[in-house]
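Dear colleague,

Please find below the sequence and structure that I am handing over to you. My notes on what was found follow directly after.

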Amino acid sequence: MDHAVYIVFSATPTGMGRLIRGATRNRYNHVSLSLSRDICKMYSFARIHRAIPLYGGFVVESILRYQSFAGAAKVKICRVEVPEPQFTYLRNHLERLWNEREEYIYNTPAALASLVHLRPAISKAYTCVTFVQGVLVRFQLAGVRETDSPTVGALEGRLTPYVIYEGPVPACAGDWGEDSYPAQTTTRYAVYTTARHFGRLAKRVLMGVS
(Lines give C-alpha, C1' and ligand atoms only; values in the text may rest on other atoms or scores of the structure.)
Protein backbone atom coordinates (compact mmCIF):
# COMPACT_ATOMS: atom_id res chain seq x y z
CA MET A 1 0.00 0.00 0.00
CA ASP A 2 1.23 3.49 -0.87
CA HIS A 3 1.53 5.35 2.44
CA ALA A 4 1.74 8.88 1.07
CA VAL A 5 -0.33 11.99 0.70
CA TYR A 6 -0.50 13.82 -2.62
CA ILE A 7 -0.81 17.61 -2.58
CA VAL A 8 -2.35 18.87 -5.81
CA PHE A 9 -1.88 22.50 -6.87
CA SER A 10 -4.20 23.48 -9.71
CA ALA A 11 -4.89 26.31 -12.11
CA THR A 12 -8.64 25.87 -12.25
CA PRO A 13 -10.16 26.83 -15.61
CA THR A 14 -12.93 29.03 -14.18
CA GLY A 15 -13.51 32.77 -14.09
CA MET A 16 -12.87 32.83 -10.35
CA GLY A 17 -9.64 30.88 -10.79
CA ARG A 18 -8.37 33.27 -13.44
CA LEU A 19 -9.29 36.23 -11.24
CA ILE A 20 -7.35 34.82 -8.26
CA ARG A 21 -4.29 34.04 -10.39
CA GLY A 22 -4.38 37.56 -11.78
CA ALA A 23 -4.53 39.06 -8.28
CA THR A 24 -1.79 36.84 -6.82
CA ARG A 25 0.35 36.53 -9.96
CA ASN A 26 0.78 32.88 -9.07
CA ARG A 27 0.52 30.02 -11.56
CA TYR A 28 -1.88 28.09 -9.33
CA ASN A 29 -4.94 29.25 -7.42
CA HIS A 30 -6.18 26.11 -5.65
CA VAL A 31 -4.76 23.22 -3.62
CA SER A 32 -6.24 19.85 -2.71
CA LEU A 33 -5.14 16.68 -0.96
CA SER A 34 -5.41 13.11 -2.22
CA LEU A 35 -4.57 9.71 -0.77
CA SER A 36 -4.00 8.12 -4.17
CA ARG A 37 -1.39 8.77 -6.84
CA ASP A 38 -3.99 8.92 -9.62
CA ILE A 39 -5.69 11.86 -7.75
CA CYS A 40 -9.10 10.67 -9.00
CA LYS A 41 -10.48 11.64 -5.59
CA MET A 42 -9.29 14.71 -3.66
CA TYR A 43 -10.22 16.61 -0.50
CA SER A 44 -10.32 20.36 -0.12
CA PHE A 45 -12.35 23.42 0.86
CA ALA A 46 -13.95 24.88 -2.24
CA ARG A 47 -17.25 25.77 -3.88
CA ILE A 48 -19.80 22.99 -3.52
CA HIS A 49 -21.70 23.57 -6.77
CA ARG A 50 -20.27 24.87 -10.03
CA ALA A 51 -23.05 27.44 -10.43
CA ILE A 52 -22.71 28.93 -6.91
CA PRO A 53 -19.17 30.32 -6.58
CA LEU A 54 -19.57 31.92 -3.12
CA TYR A 55 -21.08 28.93 -1.32
CA GLY A 56 -18.31 26.61 -0.17
CA GLY A 57 -17.21 24.09 2.40
CA PHE A 58 -15.43 20.78 2.83
CA VAL A 59 -15.68 18.82 -0.42
CA VAL A 60 -14.60 15.52 -1.87
CA GLU A 61 -13.49 16.58 -5.34
CA SER A 62 -13.74 14.30 -8.35
CA ILE A 63 -10.94 14.79 -10.85
CA LEU A 64 -13.75 15.51 -13.33
CA ARG A 65 -13.91 19.02 -11.82
CA TYR A 66 -10.58 19.62 -13.54
CA GLN A 67 -11.43 17.98 -16.85
CA SER A 68 -14.78 19.49 -17.74
CA PHE A 69 -16.95 22.57 -18.23
CA ALA A 70 -14.36 25.31 -18.76
CA GLY A 71 -11.52 23.13 -20.06
CA ALA A 72 -8.76 21.04 -18.52
CA ALA A 73 -6.70 22.35 -15.62
CA LYS A 74 -2.94 22.48 -15.20
CA VAL A 75 -1.71 20.80 -12.03
CA LYS A 76 1.41 20.28 -9.94
CA ILE A 77 1.46 17.14 -7.79
CA CYS A 78 3.68 16.70 -4.72
CA ARG A 79 4.14 13.36 -2.96
CA VAL A 80 4.82 13.35 0.79
CA GLU A 81 5.44 10.03 2.53
CA VAL A 82 3.42 9.35 5.67
CA PRO A 83 4.45 6.78 8.33
CA GLU A 84 1.96 3.89 8.37
CA PRO A 85 0.34 4.62 11.78
CA GLN A 86 -0.10 8.29 10.87
CA PHE A 87 -1.55 7.34 7.49
CA THR A 88 -4.39 5.48 9.21
CA TYR A 89 -5.03 8.45 11.49
CA LEU A 90 -5.00 10.77 8.49
CA ARG A 91 -7.55 8.67 6.61
CA ASN A 92 -9.77 8.60 9.69
CA HIS A 93 -9.40 12.37 10.09
CA LEU A 94 -10.62 12.97 6.54
CA GLU A 95 -13.52 10.55 7.01
CA ARG A 96 -14.55 12.38 10.18
CA LEU A 97 -14.47 15.74 8.38
CA TRP A 98 -16.65 14.32 5.62
CA ASN A 99 -19.14 12.84 8.08
CA GLU A 100 -19.34 16.22 9.86
CA ARG A 101 -19.12 18.33 6.69
CA GLU A 102 -22.26 20.33 7.48
CA GLU A 103 -20.37 21.94 10.38
CA TYR A 104 -17.46 23.09 8.20
CA ILE A 105 -17.64 26.10 5.87
CA TYR A 106 -15.38 27.99 3.52
CA ASN A 107 -13.52 30.85 5.21
CA THR A 108 -14.23 33.57 2.65
CA PRO A 109 -12.70 36.40 4.76
CA ALA A 110 -9.46 34.38 5.08
CA ALA A 111 -9.35 33.85 1.32
CA LEU A 112 -9.45 37.62 0.83
CA ALA A 113 -7.01 38.30 3.69
CA SER A 114 -4.51 35.80 2.28
CA LEU A 115 -3.74 38.35 -0.46
CA VAL A 116 -1.94 40.32 2.27
CA HIS A 117 -0.70 37.18 4.08
CA LEU A 118 -3.17 37.38 6.97
CA ARG A 119 -5.08 34.45 8.48
CA PRO A 120 -8.34 35.46 10.23
CA ALA A 121 -9.45 32.50 12.34
CA ILE A 122 -13.11 31.47 12.30
CA SER A 123 -14.36 28.34 14.03
CA LYS A 124 -14.55 25.33 11.70
CA ALA A 125 -13.93 27.49 8.63
CA TYR A 126 -11.03 26.98 6.23
CA THR A 127 -9.71 27.88 2.82
CA CYS A 128 -8.11 25.29 0.58
CA VAL A 129 -4.66 26.43 1.78
CA THR A 130 -5.37 26.56 5.50
CA PHE A 131 -7.00 23.11 5.27
CA VAL A 132 -4.02 21.47 3.53
CA GLN A 133 -1.55 23.36 5.73
CA GLY A 134 -3.47 22.26 8.80
CA VAL A 135 -3.32 18.59 7.78
CA LEU A 136 0.42 18.76 7.10
CA VAL A 137 1.03 20.53 10.43
CA ARG A 138 -1.23 18.15 12.36
CA PHE A 139 0.64 15.10 11.10
CA GLN A 140 4.07 16.80 11.08
CA LEU A 141 4.69 16.33 7.36
CA ALA A 142 7.09 18.06 4.94
CA GLY A 143 8.30 20.55 7.54
CA VAL A 144 5.19 22.69 7.11
CA ARG A 145 4.64 25.02 10.09
CA GLU A 146 1.54 26.68 11.46
CA THR A 147 3.26 30.06 11.12
CA ASP A 148 3.85 29.65 7.37
CA SER A 149 2.15 32.21 5.13
CA PRO A 150 -1.42 31.05 4.27
CA THR A 151 -1.04 31.36 0.50
CA VAL A 152 -0.93 28.87 -2.35
CA GLY A 153 2.42 30.30 -3.48
CA ALA A 154 4.03 29.91 -0.06
CA LEU A 155 2.86 26.31 0.32
CA GLU A 156 3.95 25.52 -3.23
CA GLY A 157 7.42 26.83 -2.42
CA ARG A 158 7.62 24.80 0.79
CA LEU A 159 6.75 21.60 -1.12
CA THR A 160 9.14 22.12 -4.04
CA PRO A 161 11.35 19.13 -3.04
CA TYR A 162 8.33 16.81 -3.23
CA VAL A 163 7.15 17.56 -6.80
CA ILE A 164 6.56 14.43 -8.90
CA TYR A 165 4.50 15.84 -11.78
CA GLU A 166 3.57 19.12 -13.43
CA GLY A 167 1.41 19.48 -16.49
CA PRO A 168 -2.15 18.84 -17.75
CA VAL A 169 -4.46 17.11 -15.29
CA PRO A 170 -3.89 13.33 -15.64
CA ALA A 171 -6.51 11.16 -17.30
CA CYS A 172 -8.65 9.17 -14.89
CA ALA A 173 -11.57 6.81 -15.38
CA GLY A 174 -13.29 7.97 -12.18
CA ASP A 175 -16.82 9.31 -11.86
CA TRP A 176 -18.33 12.17 -9.85
CA GLY A 177 -18.76 10.01 -6.74
CA GLU A 178 -19.62 12.15 -3.69
CA ASP A 179 -18.84 15.38 -5.56
CA SER A 180 -21.98 17.45 -6.13
CA TYR A 181 -20.15 20.07 -8.24
CA PRO A 182 -22.16 19.49 -11.46
CA ALA A 183 -25.58 19.46 -9.77
CA GLN A 184 -28.24 21.65 -11.34
CA THR A 185 -29.39 24.41 -8.99
CA THR A 186 -32.09 27.07 -9.04
CA THR A 187 -31.59 30.79 -8.60
CA ARG A 188 -33.61 30.63 -5.39
CA TYR A 189 -31.36 27.90 -4.00
CA ALA A 190 -28.24 29.85 -5.00
CA VAL A 191 -29.46 32.99 -3.22
CA TYR A 192 -30.49 31.02 -0.12
CA THR A 193 -27.24 29.04 0.22
CA THR A 194 -25.04 32.08 -0.41
CA ALA A 195 -26.95 34.20 2.13
CA ARG A 196 -26.87 31.36 4.67
CA HIS A 197 -23.13 30.89 4.11
CA PHE A 198 -22.31 34.52 4.87
CA GLY A 199 -24.77 34.53 7.75
CA ARG A 200 -22.99 31.59 9.34
CA LEU A 201 -19.63 33.30 8.88
CA ALA A 202 -20.91 36.49 10.51
CA LYS A 203 -22.43 34.57 13.42
CA ARG A 204 -19.18 32.73 14.07
CA VAL A 205 -17.18 35.93 13.97
CA LEU A 206 -19.54 37.78 16.34
CA MET A 207 -20.50 34.97 18.71
CA GLY A 208 -18.04 32.15 18.17
CA VAL A 209 -20.77 29.58 17.48
CA SER A 210 -21.95 27.62 14.46
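To begin with one residue and its surroundings: leaving aside residues up to four places away in sequence, Ala4 touches Ser34, Leu35, Arg79, Val80, Glu81, Val82 and Phe87. Please bear in mind that the model is predicted. Ala4 belongs to strand β1, which covers residues 4-11, and its relative accessible area is 0%, so Ala4 counts as buried. Between the C-alpha atoms of Ala4 and Val129 the separation is 19 Å, and these two residues are 125 places apart along the chain.

Strand pairing

Strand β1 pairs with strand β5 (residues 74-81) in the antiparallel sense, over 8 bridges. Within that pairing, Val5 has Val80 of β5 as its bridge partner. Strand β5 is also joined to strand β8 (residues 163-168) by 5 bridges, and these two run antiparallel. Here Cys78 is matched with Val163 in β8.

A further antiparallel pair consists of β3 and strand β4 (residues 56-62), with 7 bridges; Ser44 has Val59 of β4 as its bridge partner. Strand β3 (residues 41-47) is largely enclosed by the rest of the structure, because 6 of its 7 residues are buried.

Helix α4

Helix α4 (residues 128-138) is mostly covered, with 8 of its 11 residues buried. Among them are Cys128, Val129, Phe131 and Leu136. After the helix comes Gln140, which has a positive phi, near 55 degrees.

Cysteines

The count of disulfides is 1. It is formed by Cys40 and Cys172, whose sulfur atoms are 1.5 Å apart. The link of Cys40 and Cys172 is right-handed, with 110 degrees about the S-S bond. Cys40 sits in the loop between β2 (30-34) and β3, and Cys172 in the loop between β8 and α6 (187-207), so the disulfide ties together parts that are 132 residues apart in sequence. Cys40 is buried at a relative accessible area of 18%, and Cys172 likewise counts as buried, at 18% relative accessibility.

Cys78 is in no disulfide; the nearest cysteine sulfur is that of Cys128, 14 Å away. Cys78 is buried, its relative accessible area being 0%. Cys128 is in no disulfide either, the nearest cysteine sulfur being that of Cys78. With 6% relative accessibility, Cys128 counts as buried.

With kind regards

How values were computed. Residues numbered from 1 in each chain as written. Predicted model: local features only at pLDDT ≥ 70, side-chain atom pairs only at ≥ 80, totals over all residues. Heavy atoms only, no water. Buried < 20%, exposed > 50% of the residue type's maximum accessible area, 1.4 Å probe, protein only. Helix = DSSP H or I, 4+ residues; strand = E, 2+ residues; numbered from the N terminus. Pairing = 2+ DSSP bridges. Contact = heavy atoms within 4.5 Å. Disulfide = S-S within 2.5 Å.
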